[in-house]
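Biologist: I should like to go through this structure with some questions about its helices. Please show it first.

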Amino acid sequence: MTGPLRVLLLVGSPRGRRSTSTAVVSYLLNLMKLKGVEPLPVLWIGPILRIQEKISQLLEAVDAADVIVLAAPLYDDCQPYIVIKAMELMAVHQKELVKAQKKSDGKLFSVVVNCAFPERHHTQTVIRIYRKFAEDVGFQWGGSLSIRAGEVLRGREGKTLDDGGSMAKKVKEALVRMADSLAKGSPSADETMSVIPEAFYRGPFSFLGSFFLWLNNRGWAKLAKKKGEDVNARPYAH
Amino acid sequence: MKALILNGSLERQTHLMPIQDILESEFSSAGWECESLTLHQIKVGTCIGCFQCWDTTPGICFQEDQGREIANKAINSDLLVFLTPLTWGGYSSELKKAIERMLGLLHPSFIKIKDSYRHEKRYDDYPSVLGIAVAEGERDSECDQIFKTLIERHSLNWHAPKQRAEVFLDKNDDEEIRKGIKSLLAEFGEKK
């Protein structure tokens, strides 16, 4: 490889720009720029999948990158549909490159997973899926960051990590560590962290976790009521 | 007893069809009512994570397409079969697209069960889950394990009364597959 490292940042949130994944990628992009790498244009997977020409652009960007970082939420214990679709497309493309003997092995593939639940077991399966994908298509595993209780960062309201104050502190520190490693062309560690302190849902302060739970649940009921709806509706009950 | 088979084959993939046929015939022999949906043939919009199915039209996705009908059929079945090409241990995109449209079947509120947070039930009863993946080529025991863990975890969050998962190889012959499926279905034979 010659010249600066080329880094491709992908957003795999179905929510698009107003998402925690976008907040993560924006923060990482600034870190990467400071490290002197060459960031390729950030790509949001959702809109890309709707247009064949854009799919080609995604695959070309993957080919051009030395490092790929994907930030995506956890949906139903695994990747969102749009991310699986993009992975399937990338895999077919990589296999075509192998056939044409054009494949360049070893680009780093790293992921940031955002999970609404606070416990660590929720993200373990998806990290294993991403690792298998990386192995299968000839990428080098570049490490991962699992952000638990990530809804607290309010990315879906368009908040950045800098808006997150102390809640986002640990996430930002972990992204700095990730950027340090990846910018040197080295894999980062596999890290996991909860945005809310673990003591809030496990241990002596778990009553605080119960309070947040109550607040969250009450919030949904109020939101639906405000729209004239019953949050407990059972529209498909036979 | 009703079973709903969600076939997550990608377009032009045919290797799941023999398994779907065997499942249908075994369900029929066991006296089940069974419906199969080949998802790539059905136009279903993608979940955009807007949560309108929780706060605006609780229980119903705002998208007026077949995704709603799939969710309705799923919650009113006794057994939901996730049939998928094994995709790095996970689901295919086609299957996942349909699964995501079922988010409204769960309640937005969190509940803590056995030290783990989950979404509360919206309905009293949820279907059991049978995950069947088909791997191409040789067996990769790590992918098999990932798939089984995924089904186990997903079923917990889905409040499924029972769950099982199995991975078959596309080179398995029909008799091997039939034997495996018979043994799996035996575990779902009784009313939940």
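Biologist: Which residues are exposed on the other side of α1(B), away from its buried residues?

Modeller: The model is a predicted one. A residue counts as exposed if 12 or fewer other C-beta atoms lie within 10 Å of its own. On the other side of α1(B), the residues that are exposed are B:S28 and B:S29.

Biologist: How many degrees do the buried residues of α1(B) cover around the axis?

Modeller: The buried residues of α1(B) are B:I19, B:I22, B:L23 and B:F27. An α-helix has 3.6 residues a turn, so residues three or four places apart point the same way. The buried residues lie on the same side of α1(B), because the arc that they cover is only 130 degrees.

Biologist: What span should the 13 residues of α6(B) have at 1.5 Å a residue?

Modeller: The expected span is 1.5 Å times one less than the number of residues. The end C-alpha atoms of α6(B) are 18 Å apart, which agrees with the expected 18 Å.

Biologist: Which elements of chain B do the buried residues of α6(B) pack against?

Modeller: The buried residues of α6(B) are B:I177, B:I181 and B:L185. Their arc around the axis is only 65 degrees, which puts them on the same side of α6(B). The face turned away from that buried side carries exposed residues, including B:E175 and B:K179. In chain B, the buried residues of α6(B) pack against α1 and β7.

Methods:
Residues numbered from 1 in each chain as written. Chains lettered and ligands numbered in written order. Predicted model: local features only at pLDDT ≥ 70, side-chain atom pairs only at ≥ 80, totals over all residues. Buried ≥ 20, exposed ≤ 12 C-beta atoms within 10 Å, placed from the backbone. Helix = DSSP H or I, 4+ residues; strand = E, 2+ residues; numbered from the N terminus. Arc of directions from axis to C-beta. Contact = placed C-beta atoms within 7 Å.
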